[in-house]
Amino acid sequence: MTRSRRRRPPTARSVSRRGRGVRGPVLPSTVPAWRTRGQEFDRLVMEAFAPLESRWYDRLTKLDISVDDVPRMFPLHPDSVTWPDEVVADGPVPLSRLIPVGVDRFGAATRAQVVLFRKPLELRAGNPDDMLDLLREILVQQIATYLGVDPDVIDPED
């Protein structure tokens, strides 16, 4: 004779009796600590880009800003580590890249895009204030390259 075993719904006592405690999120989703590093980096990018966008809005409507974790590119000459003008780098490590308007492999038109590489930038900035300054400096350089002007024209305060 087999006995049917009915499970009881878990209670607070049965869940915590094995030492696991309450399962679920530790922090509510409304606090800043809930964000991942990537989400926090995206927020800082938008904060650094906002004043530049407001000043140059009419000329930046066809420019996209994106974030990639790590660069997937190599220098033109591995021995001398030279980068084209569209790349902002710290020695052999690229920090950002401007991809000009073009056509993708399917024949569709693409928009100009500034790609920021999150991991190398995080390693070079110690705290969020330094990160914001670094992002602003890189965005100014990339926008100046995109528009074909001097970086001092883009951000005279720098």
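The expected span of a helix is 1.5 Å times one less than its number of residues. Keep that handy for this predicted model, where local features need pLDDT of at least 70, side-chain atom pairs count only at pLDDT 80 or more, and totals for chains, interfaces and linings use all residues. Numbering starts from 1 along each chain as its sequence is written, and side-chain values use heavy atoms, leaving out hydrogens and water.

Select helix 2, residues 37-55 (helices are DSSP runs of H or I, at least four residues, and strands are E runs of at least two, numbered from the N terminus). Its 19 residues should span 27 Å, and the end C-alpha atoms sit 28 Å apart, which agrees.

Now click F49: helix 2 bends there by about 35° (the angle between axes fitted to the seven residues ending there and the seven starting there), and P51, a proline, follows within four residues.

Next, show side chains for F41, L44, V45, A48, F49 and L52, the buried residues of helix 2 (buried is under 20% relative accessible area, 1.4 Å probe, protein chains only). Their cover includes strand 1 (63-68), strand 6 (112-117) and helix 4 (128-147).

On to the sheet: four strands, open, ordered 1-6-3-2, with mixed pairing (two strands pair if DSSP finds at least two bridges between them). Strand 1 and strand 2 (87-90) are the edges, each pairing on one side only.

Zoom in on strand 2 and strand 3 (residues 93-99), an antiparallel pair joined by four bridges. Which residue in strand 3 is the bridge partner of D90? Pick V93.

Technical notes. Buried < 20%, exposed > 50% of the residue type's maximum accessible area, 1.4 Å probe, protein only. Contact = heavy atoms within 4.5 Å.
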